[in-house]
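Reader: I should like to learn how burial and contacts are read from a set of coordinates. Could we work through some cases together?

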Amino acid sequence: MRELRSGLWHWQALHPGWTPDEWWPQLVSSYAVDDGARLLLFDPLAVPEPLLELAADREPVVVLTAPWHERDAERLVERLGAPVFTPPPDTADDLVRKYAIDRDQIPPGWQSSDAAWLFVEGRGTAHAYAAGDRLPIGVEAFPGRSHNDLVLWVESARAIVAGDALVDFGRGFEIPREVLAHGVTREQVIEDLRPLLELPLELVLPAHGSPTDRAALERALA
C-alpha cells in the first residue's frame, strides 16, 4: 500500500477471478480516500488491514466504477456494513446494443451475474448511479466507454478514478481497443472524456495500471 498524498492510498492485488485467457492483466489497482468523515473504497480488492482499521472510525463506502469491478465488495459489505455506489449491471437490451448479440440468444428473464448478490439477492444497500450524477459522497460521475463503465471525479483528492475506459495494460496509459463496445469508436470515447480536462485534476487513478497524472490523460485524449 502506498499513500499518494495525505488521505489517499493506492494498492494492487492479484484478481482471483483472472484466467490466462483474459485480455487484461491479473494485477489490478484499488484506491481509498479518507475525507475525514467517510472512507471511500474504490474498486476494492484485498483491502490492507490498516485501512480496515481506519474504517472503524469512519463511515465506509464502497464505490465501483463498473458493476463487474465488484471484486471484494460483497465481503466488505458483510464485514463493514458499507453501502455500495455502482453503475447498474447490464440488461438484455445492453447485451444487444454492446455486443450485437441476437436477442433470441438471450434466455428469457436473463439477469447479469455482476453484483447479483446486491441487486438480485438484496444483500447490501445499493445506490445505482449514472453519468452526470453528483453522488452524496463528494464524487461526480462522468461518461466512460459505456453507460455503466464510468470515470469518477473525486474533488477532495483532485483526482479521477477510471474503470475500463482509461487503463495501462502494459502499452502505456490509453483508451484500450479491447474495451470498445459494439459500434463505439475510440474517437467517440475521446469526445466523451474531453470534459475531464476542464477539471482541476492532478492525479489519474486507473483500476488497471498504476496512478498517473494529468499529462498522461492529455496524451491519451490527444
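Author: Let us begin with Glu174, which in this predicted model is found in strand S13, residues 173–174.

Reader: Is Glu174 buried or exposed?

Author: The cut-off for burial is a relative accessible area under 20%. Glu174 has a relative accessible area of 18%, and therefore counts as buried.

Reader: With which side chain does the side chain of Glu174 make a polar contact?

Author: The partner is the side chain of Arg171, at 2.6 Å. Beyond the neighbours within four places in sequence, Glu174 is also in contact with Ala165, Leu166, Val167 and Ala220.

Reader: How should one read burial along a helix?

Author: An α-helix has 3.6 residues a turn, so residues three or four places apart point the same way. In helix H3, residues 92–99, the buried residues are Asp94, Leu95 and Lys98. These residues lie on the same side of H3 because they cover an arc of only 100 degrees around the axis.

Reader: Which strand is included in what covers the buried residues of H3?

Author: Strand S9, residues 139–146, is part of that cover. After H3 comes Ala100, with a positive phi near 55 degrees.

Reader: What is the relative accessibility of Ala159?

Author: Ala159, in strand S11 (residues 159–162), has 0% relative accessibility and so counts as buried. Not counting residues up to four places away in sequence, Ala159 touches Leu152, Trp153, Val154, Leu203 and Leu205.

Reader: How many residues separate Ala159 and Val204 in sequence?

Author: They are 45 residues apart in sequence, while their C-alpha atoms are 5.6 Å apart in space.

Notes: Residues are numbered from 1 along each chain as its sequence is written. This is a predicted model: local features need pLDDT of at least 70, side-chain atom pairs count only at pLDDT 80 or more; totals for chains, interfaces and linings use all residues. Side-chain values use heavy atoms; hydrogens and water are left out. Helices (H or I, at least four residues) and strands (E, at least two) are DSSP runs, numbered from the N terminus. Buried means under 20% relative accessible area, exposed over 50%, partly exposed in between (1.4 Å probe, protein chains only). A polar contact is a pair of N or O atoms within 3.5 Å; within protein, one must be able to donate a hydrogen and the other to accept it, and residues adjacent in sequence count only if both atoms are side-chain atoms. Contact means heavy atoms within 4.5 Å. The arc is that of the directions from the helix axis to the C-beta atoms.
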